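Please look at how the strands are paired in the model below, within a chain and across chains.

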Amino acid sequence: MANKKKKLLQGNGACVEGAIYSGMTFYAGYPITPSTEIAEGCARLLPKMGGRFIQMEDEIASIAAIIGASVTGRKALTGTSGPGYSLMQESIGYAYMTETPIVIINVQRGGPSTGLPTKVGQADTMQARWGTHGDYNAIAIAPSTVGECLTETIRAFNLAERFRTPVTVLLDEVMGHMREIIEVPEKGDHEVFNRVKPTASHEEFEAFEMTENLVSPMASYGDGYRYNVTGLTHDTRGFSTNRTDESIQKLDKLFYKIENYKDEIFKSRVELVEDADVVFISYGTVSRAALQAMQIARKAGAKVGSIQLYTIWPFDYDMIKKATANCKTVVVAEMNMGQICHEVKKVLDPSKKLETVQRYDGEIITPMELLEKLEEVL
Amino acid sequence: MATAEKQKSDVMLDYLIPQKKFPSVWCPGCGNGIVMGAFIRAVDKLEYDRNDIAMVSGIGCTSRMPVYLDFNSLHTMHGRALAFATGVKFAQPKMKVVVITGDGDALAIGGNHFIHACRRNIDITCILINNHTYGMTGGQGSPTTPSDAISTTTPFGNVEKHFDPCDLAKSAGASYVARGTVYHYPQLEKIITAALEHKGFSLVEVISNCHTYYGRLNKKGDAPAMLDMFKDLSVTKAKAKNMEQEELENKFVIGKMHEDNVKTEFCDEYKKIIDKQKG
Amino acid sequence: MAKLLDKIEIPHDRFEIRLSGSGGQGMIFGSVVLCEAVGQSGNKSVVQSQSYGPEARGGASKADVVISDSEIYYPKAMKLDLLLAMTQESLDKYFGDLKDHGVLIIDTSLVTDFPTDEYYGIEFTRLARNEIGSIVVANVMALGAICALTGLFTKEALTTAVLARAPKGTEDRNKKAIEIGFDEAMKIKKK
């Protein structure tokens, strides 16, 4: 245990290590700051293990290529930032509809549009839930350390494979570029989930059959199960349909396969909320400022707690309700003009005060800013 | 399967998906069926394992074709078929990847993917059915709609110029380029066969009829009349060599336009890197 | 009204370093090597971050390293324990971030105005040029000085870390730079 191999890595590099640990062997991407190190890492490392890297002509092509690769049975990854994430949205919807597991790492910068390419932001939080058109359920997770970039990327692949769905890992510029010394995991240290493959005969095989947990076993192209994959609303065999009952069944499948099992997806770090007067709610890099501020404030005698969301979507309303039950004030801190604070508001008891600390100038929220907010509300 | 003795109709039925509801979405007389027939016969003749064939398409009338066929079919999004196909082929190079697309799908919304797939010379066969219009949405102008032609979005005549898909593919780097028409179906079958056998990116442009929209709006008549028109307007590559540019105006030069068997193929080249890096 | 802010203090278990200079002086490289040297010298947590982007080139360039025995929450510097200033501009810009009596190391071959008397001055750039024949190793020389002045990592760990990242053929130059930086610092440390 003590002699684990250690490595100094950037957040972006740790994502690559995590993806490779998960068995990712296919990367398609397009250069964009501040995510480019993910592509560069994959270009260097993948051929060494027989994997494949391709730089596509744009982000639209990149996500299309990884969906194509996933359909052949490979675990596939792309990395991008705001403008690229926007370009990918149509195909992310295709992956929802066709239930194709893929992982997208969005290293967030300031927006909208080209915005602040080299600076930090968290303003794609809602886009990760509602980015593409139509009804669907989304999974998005957010690490806050370089070590977690590795482990959360593994978790992203596990969730993508378990639920047959695209998963977004929300990093930010600070997270992507910061370096930390982390333990390099060995085989067996982390669970790696592989998609369930069909066992039915070719004749009986239904590519989108309604199973008990609503996730259908997934055949790979070339395996001998010839089937149709389409972005049109389709029946259990994958053929397009206009029937109302089949349309409802398909959309319910997309929604409830995640909704019914969200306890498997939720992950949060809840610290010292039992006696806290004020509770911070944050995610990603900001959580590190929140924990720091909490530690400093506690030492100075203030009763402060912290909730860090690792799973952003689906949103864990029940946990928020419980963890804020004893406090008087909630401070939601995020690097945008207010996104997750609206989710918190939905479940927060009306007797409690909701405060926010927001930055959208391309700089990270500091512990001092959070302490100043505490000074104001305590 | 011994294909030689098989009746033509049996071959077709063998490759059509039995559970799929027919008739198809295509209008009676649509050229898409002729192309599908030529494609099926080519595949059957080459005796490919159909488990190893991935047929990828985007959006449009043409792009519905894979849905009827008993292959691995990936019906994707408008314009993106070649990008998806690149992922399939590169991830699983043993697969025979065929993209079936239309002029709007491949050359307007998917134009960038089209030239880059050509440039990579990735081993994909792209069959581009060119009916000079957007059929599925009701007859709008496309990148191959001729100048002055009428469409629902060029009601007073098309002021734009059109792409020549074969020229575009050749200059972008495709290593096999050919053009056929739905009238010359025996030649079409041969061209598709050659394209499938070619290693590298192959483009087959097929001049086809949309009598429902393009034909009606431009007074080209019904399906048989349009097929007759293709017969009259087609010139073989050999014959075209000795013709003046003005004579070739509004003609379709058919046959093999370009073939390069020396150019390296993308997946093969990457495999060399893997072999070297894996050590 | 001030209830909390008067009572707070920056945690003592953090040691915050900023390497600053101008683009091209190898501050980022220095910070990466410093992290690896610390990593080899024990079980400390370490976080490196840098100002990134076109505006960081040419003008003031900085890289921060936070070192702690426990989990590092906030990854960036809050109040510096050590500031290395390789140019006048970076000294002027970041001196205010240094805590009272924090360690200030200045390249005195490039700086003429000093905001305090409390500093360690070493002519890194001049020594690198005159003794080694290349100003490129001034940053590594500064790391040798940090090693001597803080004891955060051993000279051996620093040498291993530098040689692992430096281009082939520069081993001797870098080793010599570390020695000079270390020795010069020891001279003034004893005083």
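**Strand pairing around two elements**

In this predicted model, six bridges join strand E2 of chain C, residues 45–50, to strand E3 of chain C, residues 60–68, and the two run antiparallel. Within that pairing, Gln50(C) has Ala63(C) of E3(C) as its bridge partner. E2(C) is also joined to another chain, since strand E9 of chain A, residues 179–183, runs antiparallel to E2(C) and is connected to it by two bridges; here Glu180(A) is partnered by Val47(C). As for its surroundings, E2(C) is mostly covered, with five of its six residues buried.

The second element to follow is strand E5 of chain A, residues 102–110, which is likewise mostly covered, nine of its nine residues being buried. Strand E4 of chain A, residues 75–80, pairs with E5(A) in the parallel sense over four bridges, and Thr80(A) has Asn106(A) as its bridge partner in E5(A). Together with helix H4 of chain A, residues 82–98, these two strands make a right-handed β-α-β unit.

Asn106(A) also has a bridge partner in strand E8 of chain A, namely Leu170(A), and E8(A), residues 166–172, runs parallel to E5(A), to which seven bridges join it. A further pairing of E5(A) is with strand E6 of chain A, residues 116–120, in the antiparallel sense over two bridges, where Arg109(A) stands opposite Val120(A). E5(A) and E6(A) form a hairpin with five residues between them, and in its turn Ser113(A) has a positive phi of about 55 degrees.

Methods: Residues numbered from 1 in each chain as written. Chains lettered and ligands numbered in written order. Predicted model: local features only at pLDDT ≥ 70, side-chain atom pairs only at ≥ 80, totals over all residues. Buried ≥ 20, exposed ≤ 12 C-beta atoms within 10 Å, placed from the backbone. Pairing = 2+ DSSP bridges. Right-handed = clockwise from strand over helix to strand, strands pointing away.
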